[in-house]
Amino acid sequence: MSGAAALDSTSLDVFDRRESEVRGYVRAFPTVFDRASGSTLVDADGREYLDFFAGAGVLNYGHNNPAFTRAIIEYLERDGIIHGLDMATSAKRAFIEAFERLVLAPRGLDHKLQFTGPTGANAVEAALKVARQATGRSNVVAFTNAFHGLSLGSLAATGNSHYREAAGVALGDIARLPYDGYLGAGVDTLDLFEKMLDDPGSGLDLPAAVIVEAVQGEGGINVAGPQWLQRLRAITEARGILLILDEIQAGVGRTGAFFAFEESGIVPDIVTVSKSISGSGLPMSLVLLRPEVDVWKPGAHTGTFRGNNLAFVSARVALETYWADSAFTDGVAAKSALLRTELEQVAAEHPDLGFVVRGRGLMYGIACDADRALAGRVSKAAFARGLVIETSGAHDEVLKFLPALTITEDELRRGLAIVRESLAEVLAG
């Protein structure tokens, strides 16, 4: 292959010429990706990249997991239903049965499953709508640095001004309160919430629901403590307020357990699930509803693509392959300990930068408020060395570690070495 041909294969000209200015990740990772396997991405020139991004949390089981690919191919070869709206199909039945057996029953949950449109934002929209219907109230409490999606209802609950300013309309019926740790260590932010609920002069209307992430992803890897979540559950339960847990990025094993809220022992009224639920990267979303909250009339929240049967196939195989025993979560715990130890060591080596390490499972961030542009520079330098890693936080000040849960320890160590090299380069100027 000539040098010109090689250059053309990863050219971004057509994207620059024809794709909307709204495109985002291609600006951070400027190459044409062609194929992938496990934790490895390969561009059109054959250059390999180690993936610490996992499709923003969509690929918890890695790229093109052979167990899922084989099942999808077999399903297609027998002419299995691909598009089914919300009709009953054998693929959906098998998924529901597996989810009931491997997720709900072991956790003592009795939630109904609602299949929404295929995006996480649509699951959030459905959750907010049904909460308002079930309670007859419109106000919803969301938290600082929350990210719940970018369609108008979910965007109203999202905190980041960069996204909110794109709405073009007022974003109402949301009250914003401080997340755990927002006011610093030692301050329980739920004191404010409880005080406002009990004070008729506070101006806070009794909410239909509270929506919260047990671990905030896009907001900067902020972790709600188990006691904080337990208190939030007690406050909402005592006042007839529904509690919605957004598990779209932090769920499906990302923080160690299947659900990020499990560590606290609480039972939410509504849970939104998407991203890695299909296992394969195919679009799929769920809303889990306690039976008494399932007040929908037939067809009241609908969508053409709420029946992605290929996703049901891979989702079932993912559950049966990884969630039938504790081997998978034991492996995640071991890699989580390795990741945390390495990041804390990096922080200790640079006390002048005031690094803060936070996260759980394989969802970690290292934040630098002293130099908010540092994470972005490190991400760029890492990409040049063959590592895909993104940033998050209100100022993109957090370098975000989101590798596949199936990543090997060798791959994890290799990626961390690249981060160290990239940081050294950036600091050297």
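**Close-up views of a predicted model**

**View 1. Helix 11 and the elements that cover its buried residues.** Strand 5 (140–143), helix 10 (190–198), strand 7 (209–212) and strand 10 (242–246) are among the elements covering the buried residues of helix 11. The model shown here and in the other views is predicted. Six residues of helix 11 are listed as buried, namely Trp228, Leu229, Leu232, Arg233, Ile235 and Thr236. Viewed down the axis of helix 11, these buried residues lie within an arc of 165°, so they line one face of the helix. On the face turned away from this buried side, helix 11 carries the exposed residues Gln227, Glu237 and Ala238. Helix 11 comprises 13 residues (226–238) and reaches 18 Å from its first C-alpha to its last, close to the 18 Å expected at 1.5 Å a residue. Gly240, which follows helix 11, has a positive phi near 70°.

**View 2. The buried face of helix 6.** Helix 6 (residues 90–104) has 15 residues, which should span 21 Å at 1.5 Å a residue; its end C-alpha atoms are 20 Å apart, in agreement with this expectation. Its buried residues are Ala91, Lys92, Phe95, Ala98, Phe99, Leu102, Val103 and Leu104. Because they fall within an arc of 160° when seen down the helix axis, the buried residues of helix 6 line one face. An α-helix has 3.6 residues a turn, so residues three or four places apart point the same way. The buried residues of helix 6 pack against helix 5 (66–77), strand 4 (112–115), strand 12 (286–289) and helix 12 (309–322).

**View 3. The open sheet of seven strands.** The strand order is 4-12-11-10-7-5-6, and the pairing is mixed. Strand 4 and strand 6 (174–177) stand at the edges with a single partner strand each, so one side of each has no neighbour in the sheet. Direction ignored, neighbouring strands of this sheet are turned by 20° against each other on average. Within the sheet, strand 7 and strand 10 pair in the parallel sense over four bridges. Val212 has Leu245 in strand 10 as its bridge partner. Helix 6 packs on the sheet, touching strand 4 and strand 12, and its direction makes about 135° with that of strand 4. Helix 7 (residues 120–135) also packs on this sheet; the strands it touches include strand 4, strand 5 and strand 11 (270–273), and its direction makes about 175° with that of strand 10.

**View 4. The open sheet of four strands, with helix 13 lying across strands of it.** The four strands follow the order 13-14-17-16 with antiparallel pairing. Strand 13 (356–360) and strand 16 (390–392) are at the edges, each with a single partner strand, so one side of each is left without a neighbour in the sheet. From one strand to the next, the twist averages 30°. Three bridges join strand 16 to strand 17 (residues 398–401), and the two strands run antiparallel. Glu390 stands opposite Lys400 in strand 17. Helix 13 (residues 327–349) lies across strand 13, strand 14 (363–367) and strand 17, and runs at about 0° to strand 14.

**View 5. Aromatic pairs, including that of Phe29 and Phe53.** The count of aromatic pairs comes to 24. The ring centres of Phe29 and Phe53 are 5.8 Å apart and the ring planes stand at 45°, so this pair is tilted. The pair links distant parts of the chain, 24 residues apart: Phe29 lies in the loop between helix 3 (25–28) and strand 1 (33–37), and Phe53 in the loop between strand 3 (48–51) and helix 4 (54–57). Both Phe29 and Phe53 are buried. Ring pairs also link a cluster that includes Tyr61, Phe68, Phe95, Phe99, Trp323 and Phe328.

Key:
Residues numbered from 1 in each chain as written. Predicted model: local features only at pLDDT ≥ 70, side-chain atom pairs only at ≥ 80, totals over all residues. Heavy atoms only, no water. Expected span 1.5 Å × (residues − 1). Buried < 20%, exposed > 50% of the residue type's maximum accessible area, 1.4 Å probe, protein only. Arc of directions from axis to C-beta. Contact = heavy atoms within 4.5 Å. Phe/Tyr/Trp six-rings, centres within 6.5 Å; stacked < 30°, edge-to-face > 60°. Pairing = 2+ DSSP bridges. Axes fitted to C-alpha atoms, helices over the stretch in contact; angles between N-to-C directions.
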